[in-house]
Amino acid sequence: MGKADSNHVPKHGKKKRPNEAWKTFKRVFKTPSAKLGGVLMAIIIFCAVFAPLIAPYDPYTMDLTDLFATPTLKHLFGTDAMGRDVFSRVLYGAKYSLALGLFTAFIGTMLGVVLGSLAGYFGGIVETIIMRFCDIWGAIPGMLLNIVISACLGTGFFNTILAMSIGTFPGGARMTRGQILAERSKEYLEAAESINASKTSIMFKHLLPNVISPTIVSTTMAIGGNITAAAGLSYLGLGIQPPTPEWGALLSDGTTYINSYPHLLLYPGLVIGITVLAINLMGDGVRDAMDPKLRD
């Protein structure tokens with residue numbers, strides 16, 4: 001009996017610890033607002049990925065016999081000045097706008113993390129140079145900076161990403177520096193230094209994993225703002241330009257006809273608003289999931 005019990009305990013008594021990433025994922029969608037944001041984003045991403053299968057028309061095909069058609073079952077969002085189906089162009093434009101928001105947030109965050117880590121860990125003259133540069137760079141209004149850089153680099157997908165990334169890194173650098181300053185005196189860093197770990201190893205293997213949570217939250221929240229900013233640049237004629245069916249470019253293309261054919265701006269603007277709302281709702285969920293005070 002004792003032997004049977006001893007065999008029974010190891011077999012059924014041990015419980016597998018849930019994966020921390022999976023626990024965080026579940027916490028993200030704990031609130032109804034985050035669930036709603038997740039559902040909306042899933043639909044938008046699905047439409048972006050499968051646009052060639054969902055779109056009823058080619059987004060570049062012109063029909064000069066059906067210009068400025070109002071929304072009907074044949075053309076759900078109507079047609080534009082070239083007779084192109086607006087619904088199809090909005091579907092195809094999702095991949096451009098989502099990619100702009102995601103890549104801009106990622107690149108800007110990486111620049112900020114690297115500079116903030118160097119400033120926070122090394123201090124001294126390195127910190128002074130980096131932070132004063134960030135102060136000067138961050139003092140320029142973000143949209144104005146994006147406009148200037150875009151005007152210098154020119155229009156296009158990659159130039160827009162580069163212009164917006166360069167303009168957004170100072171905030172990430174300041175946040176990362178503050179987090180590292182709070183962690184720099186912790187005992188685990190003293191232990192790493194006592195075994196002669198390199199400064200690079202300490203900074204990227206020990207420090208960054210412990211300060212990355214706020215960065216993830218800020219990056220998530222920045223995606224929606226970047227989509228709006230990219231649309232603004234395209235609207236001003238400095239981002240992605242027609243005939244590429246990016247949402248901001250669609251807005252820019254329809255500006256001329258806002259009084260006569262408001263549907264050319266209504267539907268791209270509505271999709272931008274829904275996407276930004278969904279991302280912000282998910283960002284709230286990420287923030288709550290990453291906050292130690294709210295963990296179970």
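Which helices each supply at least two residues of the nonpolar patch? They are α3 (32-49) and α4 (51-54). Before going on, please keep in mind that this is a predicted model.

## The patch on the surface

Let us start on the outside. Six names are worth finding in the viewer: I45, F46, V49, F50, L53 and I54 form a nonpolar patch on the surface. Together these residues have about 580 Å² of accessible area. The helix that gives the most to the patch is α3, with three residues.

V49 is a good residue to look at within this group. V49 has its place in helix α3. Is V49 buried or exposed? V49 has a relative accessible area of 53%, and exposed means over 50%, so V49 counts as exposed.

## The largest pocket

Next comes the largest pocket, which holds about 260 Å³ of space. Its lining is made up of M41, I45, L98, A99, L102, T220, I223, I279 and M282. Four elements give two or more residues to this lining: α3, α5 (86-122), α10 (199-235) and α12 (263-290). Among these, α5 gives the most, with three residues.

I45 may look familiar here: I45 belongs to the nonpolar patch, and I45 also lines the largest pocket. Helix α3 likewise returns, as a supplier of the patch and of the pocket lining.

What kinds of residues line the pocket? Eight are nonpolar and one is polar, while no charged residue takes part.

## The largest cavity

How many cavities of 30 Å³ or more does a search of the whole structure find? The search finds one. The largest cavity has a volume of about 90 Å³. Around this cavity you can pick out D80, A81, V86, R89, L250, D253, G254, Y257, L264 and P268 as the lining. The elements giving two or more residues to the lining are α5, α11 (247-254) and α12. Three residues come from α11, which is the largest share.

The residue classes in this lining are six nonpolar, one polar and three charged.

## Side by side

Here is a short table of the two spaces.

| Space | Volume | Element giving the most to the lining | Classes in the lining |
|---|---|---|---|
| Largest pocket | about 260 Å³ | α5, three residues | eight nonpolar, one polar, no charged |
| Largest cavity | about 90 Å³ | α11, three residues | six nonpolar, one polar, three charged |

Two helices link these spaces: α5 and α12 each give two or more residues to the lining of the pocket, and α5 and α12 do so for the cavity as well.

Methods
Residues numbered from 1 in each chain as written. Predicted model: local features only at pLDDT ≥ 70, side-chain atom pairs only at ≥ 80, totals over all residues. Heavy atoms only, no water. Patch = residues over 30% accessible without salt bridge, like charges linked within 9 Å, V, L, I, M, F, W, Y side chains within 5 Å. Areas by Shrake-Rupley, 256 points an atom, 1.4 Å probe, with all protein chains shown as cover. Salt bridge = Lys/Arg side-chain N within 4 Å of Asp/Glu carboxyl O. Buried < 20%, exposed > 50% of the residue type's maximum accessible area, 1.4 Å probe, protein only. 1 Å grid on protein atoms, 1.4 Å probe; cavity = no way out; pocket = protein on both sides within 12 Å on 5 of 7 lines; lining within 4 Å. Points joined across faces, edges and corners; volume = space filled by probe spheres on them. Nonpolar A, V, L, I, M, F, W, Y, C, P; charged D, E, K, R; others polar.
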